[in-house]
Amino acid sequence: MRTNIMIDDLMMQKAMEISGLKTKKEVVAKALKEFIERHTRKDLRGLRGKIEFAENYDYLALRKDR
């Protein structure tokens, strides 16, 4: 979709410097992608107290196999 928008030049320059991206199009695409990912991620805080682990659950033992 082709769109014309006004973006603050200083914000765009800072975003390009921070991200290392070379074009405004890349910066906008990355920003949109990250925005979508962030806002569609499950809020894990809502799961607090709802997950029960097995009594013999040992996460350290599971890590030894790596």
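This report walks through the fold, surface, charges and salt bridges of a predicted model.

## Ground rules

Since the model is predicted, local features need pLDDT of at least 70 and side-chain atom pairs count only at pLDDT 80 or more, while totals for chains, interfaces and linings use all residues. Numbering starts from 1 along each chain as its sequence is written, and side-chain values use heavy atoms, with hydrogens and water left out.

## Overall layout

There are three helices and zero strands here, in the order α-α-α along the sequence. Helices are DSSP runs of H or I with at least four residues, strands are E runs of at least two, and both are numbered from the N terminus. The protein is more spread out than a compact globule, because its radius of gyration is 21 Å, well over the 11 Å that the globule rule gives for 66 residues. (That radius is taken over C-alpha atoms, and the rule is 2.2 Å times the number of residues to the power 0.38.) Along the principal axes, the C-alpha atoms fill a box of roughly 55 × 30 × 25 Å.

For a sense of the spread, take Asn 56, in the loop between α2 (24–40) and α3. The C-alpha atoms of Asn 56 and Leu 32 are 43 Å apart, with their positions 24 residues apart along the chain.

## Surface

Just 5% of the 66 residues are buried; buried means under 20% relative accessible area, exposed over 50%, and partly exposed in between, with a 1.4 Å probe and protein chains only. Asn 56 is exposed at 67%. The protein exposes about 7,400 Å², with carbon and sulfur atoms supplying 55% of it (Shrake-Rupley areas, 1.4 Å probe; for residues, only the protein chains shown count as cover).

Leu 44, Leu 47, Ile 51, Phe 53, Tyr 57, Tyr 59, Leu 60 and Leu 62 form a nonpolar surface patch with about 880 Å² of accessible area together. Patch members have over 30% relative accessible area and no salt bridge; nonpolar side chains (Val, Leu, Ile, Met, Phe, Trp, Tyr) are joined within 5 Å, like charges within 9 Å. Leu 60 sits in helix α3 (residues 59–64) and is partly exposed at 46%.

## Salt bridges

The count comes to two salt bridges, each needing a side-chain nitrogen of Lys or Arg within 4 Å of a carboxyl oxygen of Asp or Glu. Glu 34 pairs with Lys 30, the closest N and O atoms being 3.2 Å apart. Glu 37 pairs with Lys 33, with 3.6 Å between the closest N and O atoms.

Glu 34 and Lys 30 are four residues apart in helix α2, so about one helical turn separates them. Glu 37 and Lys 33 are also four residues apart in α2, about one helical turn. Glu 37 is partly exposed at 37%, whereas Lys 33 is exposed at 53%.
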